[in-house]
Amino acid sequence: MAAAGPGGDPARWRTLLRFEVLVVLALSYGRSAAYSLVDILGKLTAHKALNQQAAQINTPSSARPWLDLTYQVLDLTYGFTVVALVAYLLLREGASLRTIGFDFADPARDWARGALLAAGIGSAGLALYVAAVKMNLNATVVPTTLADTWYRDPILVIQALKNGVGEEVVVLGYLLRRFDQLGLSPLKSDLASSLVRGSYHLYQGFGGFVGNFVMGMIFCRAYRRWGRVMPLVVAHTLIDTVTFLGWIYLVPHLGWIPRPQ
């Protein structure tokens with residue numbers, strides 16, 4: 001695949017590279033985007049306003065706790081496999097996850113940058129979400145319906161970590177590298193990556209699409225400036241952790257946050 005490089009047959013190399021990208025997306029976020037498109041079409045054609053419908057995340061897989069925990073662990077485990085695939089593909093070309101800045105070389109700076117991004121994007125994203133729901137452009141997002149069990153909070157935190165690692169390694173670091181190698185301009189690469197990010201959040205509504213597209217563009221700019229995905233992994237993980245746990249412990253006390261009707 002990419003390991004051959006353009007030195008042998010550039011046309012064949014680019015063809016294989018495109019095929020590689022399509023396969024990676026089909027096994028991960030491209031597949032999620034397809035389901036998300038069908039889901040939003042279902043919501044839009046339902047005999048109910050969009051903001052009166054719920055977009056549920058982190059739902060239970062069984063009413064029996066031990067069985068639900070087993071499903072949750074399996075889902076998390078297999079969710080990380082796409083990162084392993086990307087790591088392998090990078091190694092095949094003589095690179096590694098370190099090449100895209102997924103390592104612990106600069107933890108203090110990564111955490112500081114990630115926390116600042118999370119605070120800014122998280123607050124702006126929340127305002128956009130509330131406005132979109134009020135304007136009937138978004139479903140009401142329910143971050144979790146998991147039962148109050150001993151494993152609920154740890155599972156949600158690990159789920160947030162999986163989202164942060166998976167999306168930023170694949171949709172940010174990997175895709176931008178491949179798009180750049182295919183000859184796209186930085187702007188076109190950033191737009192393509194951000195469109196992928198927005199598309200698999202479309203199940204939430206148009207606010208979810210726009211918000212994640214904008215987040216994607218900001219993350220792309222930050223990645224190109226810093227040359228590292230780790231700060232973006234930190235930011236994404238923090239945003240999702242606050243969203244998931246905040247729904248349980250904070251939202252019941254905040255009347256202005258939309259809740260299912």
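A pocket is an open set of grid points where a 1.4 Å probe fits, with protein on both sides within 12 Å along at least five of seven lines. The legends below use that sense of the word and describe a predicted model.

**View A. The second largest pocket of the predicted model and its lining**. This pocket has a volume of about 220 Å³, and among the 13 residues that line it, those closest to its centre are W111, L161, M230, V233 and V234. Helices α5, α6 and α9 each give two or more residues to the lining, with the largest share, 5 residues, coming from α9. By residue class, the lining of the second largest pocket divides into 10 nonpolar, 1 polar and 2 charged residues.

**View B. The largest nonpolar core and the surroundings of F219**. The largest nonpolar core holds 39 residues, of which V86, L172, L175 and F219 touch the most other members. Two or more residues of this core come from each of the helices α1 (10-26), α2 (29-44), α4 (81-92), α5 (107-134), α6 (152-181), α8 (206-226) and α9 (230-249), and α6 gives the largest share, with 9 residues. Once its neighbours within four places in sequence are left aside, F219 is in contact with L117, I121, L172, L232 and A235, and also with E168, R197 and H236. Separate from this core is a second one of 7 residues, which includes L76, Y151, I155 and A160.

**View C. E167 and its contacts**. E167 lies in helix α6 and has a relative accessible area of 6%, so this residue is buried, the cut-off being under 20%. Apart from residues up to four places away in sequence, E167 touches Y29, K162, L172, R197, Y200, H201 and H236. Three of these names, L172, R197 and H236, also appear among the contacts of F219 shown in View B.

**View D. Aromatic pairs**. A search of the whole structure finds 3 aromatic pairs, and two of them are described here. A pair of aromatic rings is described by the distance of the centres and the angle of the planes. W150 and Y151 form an edge-to-face pair, with 5.6 Å from centre to centre and 85° between the planes. The two partners differ in accessibility, since W150 counts as exposed at 69%, whereas Y151 is buried with a relative accessible area of 4%. The rings of F209 and F213 have centres 6.5 Å apart and planes at 15°, so this pair is stacked. F209 and F213 are 4 residues apart in helix α8 and are therefore separated by about one helical turn. F209 counts as partly exposed, at 25% relative accessibility.

**View E. Two asparagines with positive phi**. N58, a residue other than glycine, has a positive phi near 55° and is placed in the loop between β1 (54-56) and α3 (65-79). N136 likewise has a positive phi although it is not a glycine, with a value of about 60°, and its place is in the loop between α5 and β2 (140-142). The surroundings of the two can be set side by side: N58 is buried, with a relative accessible area of 13%, while N136 is partly exposed, with a relative accessible area of 32%.

**View F. S28 in the loop between α1 and α2**. S28 is found in this loop and is buried, with a relative accessible area of 7%. Leaving aside neighbours within four places in sequence, S28 is in contact with V82 and V170. S28 and V82 are 54 residues apart in sequence, and their C-alpha atoms are 6.7 Å apart in space.

**View G. A115 in helix α5**. A115 is found in helix α5 and is partly exposed, with a relative accessible area of 36%. Beyond its neighbours within four places in sequence, A115 is in contact with V234 and L238; V234 is also one of the residues closest to the centre of the second largest pocket. A115 and A160 are 45 residues apart in sequence and 15 Å apart in space, C-alpha to C-alpha. A160 is included in the second, separate core.

How values were computed: Residues numbered from 1 in each chain as written. Predicted model: local features only at pLDDT ≥ 70, side-chain atom pairs only at ≥ 80, totals over all residues. Heavy atoms only, no water. Core = buried A, V, L, I, M, F, W, Y, C linked by side-chain atoms within 4.5 Å. Buried < 20%, exposed > 50% of the residue type's maximum accessible area, 1.4 Å probe, protein only. Contact = heavy atoms within 4.5 Å. 1 Å grid on protein atoms, 1.4 Å probe; cavity = no way out; pocket = protein on both sides within 12 Å on 5 of 7 lines; lining within 4 Å. Points joined across faces, edges and corners; volume = space filled by probe spheres on them. Nonpolar A, V, L, I, M, F, W, Y, C, P; charged D, E, K, R; others polar. Phe/Tyr/Trp six-rings, centres within 6.5 Å; stacked < 30°, edge-to-face > 60°.
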